[in-house]
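Reader: I would like a close look at one part of this model, namely how its helices pack around a shared partner and what lies beside that packing. Please state the cut-offs as you go.

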Amino acid sequence: MPAVRNVLVVGGGAAGAATAILLAEGGVSVDLVDLKPDVAALGSGITLQGNALRVLRQLGVWERVKAEGYEFDTLGLRAPDPAGTLIAELTDIRTGGPDLPATLGMYRPALARILIDRATAVGAKVRFGVTPVTLDGTTVTFDDGSAATYDLVIGADGLRSWTRRRLGIGVEPQPVGMGIWRTFTKRPASVTRTDLYYGGPAYIAGYCPTGADTLYAYLVEDVRDRSGLSPEEALATMRELAGAYHGPWDEIREQLTDPARVNYTAFESHVIDGPWNRGAVVLIGDAAHSCPPTLAQGAAQALEDASVLAELLLREDALTDDLWGEFTARRLDRAKTVVEASLQLARWQLAHERGDVPGLMARIAHLVAEPA
């Protein structure tokens, strides 16, 4: 018998949907609620490293993800010069194993849809536009007037986690000092992998192919309050910043014509340095830890949380201190190491220090290549 019979998952992002899939497949009754009215996620594209793909295969969605995304195994480094000169081409470690690509880019809302579709198909009860309003032990009331008692409540409700605050955990995401412009647009034939440009007016100018004819592109700058810009002004600002970068960026910039495709986000980071559960309520994903996307490990770490938590809940026959101790032992140090490394890359850039970027990236790649 699993350690739990009925579970509430708060949040329908990667961590929540993945946990719902695995538990429902294991015979657990799962309710998943999300305050958004629909599965569509904010944002443009997402970069998934091999260790994320390993979990997606476990979830039974790898073939669909592969069909909708774009695989690649190398990383390019380019100069912010008038030619966008290619400085180096690095072969990435296949952190998900030799039979999975090193990296896959895809449209973020498409990934969200795939995961929710799978959760529904295996029996999870999914309700959008619903959010908890009270939490008393594991008895939950919702804003639609319903209430239920669960064996376990899983808070996978993101950076601004309602569950985390309801538990009285005072850890909140802190600003990193950087902001990122993102857009989703047509992919030029010349873009077949991620290339990164370091230097120029942005700390990083990069892009990632997300499908047969799409990509997302991004520019990282000192964080600013961009909230007062109209969509048209935001587009113009991103185009102006992108004007310093060439090579494939010249083709990408010509496609930057839709204001609705541009968004700006400030980098934030946190980690709960200790057990992520309080009794039979546990936090995972961005509710428990977050990092700037300098290593593209945010979604991967959330998916690993889901995989490990579901494994333990299905393997054990009760929620014991030993179960929570093993969950903490397997997830806390690994997630903290990824968060700290992501922050170190940001600190080097903010301080205009060279740093051992290849060494740090290789160290994290070898870490996450090991199963969580």
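Author: What follows takes the helix packing in turn and then the cavity and two loop residues.

This is a predicted model, in which local features need pLDDT of at least 70 and side-chain atom pairs count only at pLDDT 80 or more, while totals for chains, interfaces and linings use all residues. Residues are numbered from 1 along each chain as its sequence is written, and side-chain values use heavy atoms, with hydrogens and water left out.

Two packed helices are described by the angle between their axes and the distance between the axes. Helices here are DSSP runs (H or I, at least four residues), strands are runs of E (at least two), and both are numbered from the N terminus. The axes are lines fitted to C-alpha atoms, for helices over the stretch in contact, and angles run from 0 to 180 degrees between N-to-C directions.

Helix H8 (residues 298-315) and helix H2 (residues 50-58) have axes that come within 8 Å and cross at roughly 40°. H2 and H8 are therefore oblique to each other, given that angles under 35 degrees count as roughly parallel, over 145 as roughly antiparallel, 65 to 115 as roughly perpendicular and the rest as oblique. The crossing of H2 with H8 is left-handed, a term used if the near helix is turned anticlockwise from the far one by less than a right angle, with right-handed used if clockwise. On the H2 side the contact (heavy atoms within 4.5 Å) involves Asn 51, Ala 52, Arg 54, Val 55, Leu 56 and Gln 58, which meet Ala 300, Gln 301, Leu 303, Glu 304 and Ser 307 of H8. The residues of this contact of H2 with H8 comprise 5 nonpolar, 4 polar and 2 charged, where Ala, Val, Leu, Ile, Met, Phe, Trp, Tyr, Cys and Pro count as nonpolar, Asp, Glu, Lys and Arg as charged, and the others, Gly among them, as polar.

Helix H1 (residues 14-25) also packs on H8, with axes that come within 8 Å and cross at roughly 25°, so H1 and H8 are roughly parallel to each other. H1 passes H8 in a right-handed crossing. Among the residues making this contact are Ala 18 and Leu 22 of H1 and Leu 303, Ala 306 and Ser 307 of H8. By class, the contact of H1 with H8 has 12 nonpolar, 2 polar and no charged residues.

Ala 296 sits in the loop between strand E20 (289-290) and H8, and its phi is near 55°, a positive value in a residue other than glycine. Most residues other than glycine have a negative phi.

Elsewhere, helix H9 (residues 321-350) and helix H10 (residues 357-369) pack at an angle of about 165°, with their axes 11 Å apart, and they are therefore roughly antiparallel to each other. The crossing of H9 and H10 is left-handed. His 352, in the loop between H9 and H10, likewise has a positive phi, near 55°.
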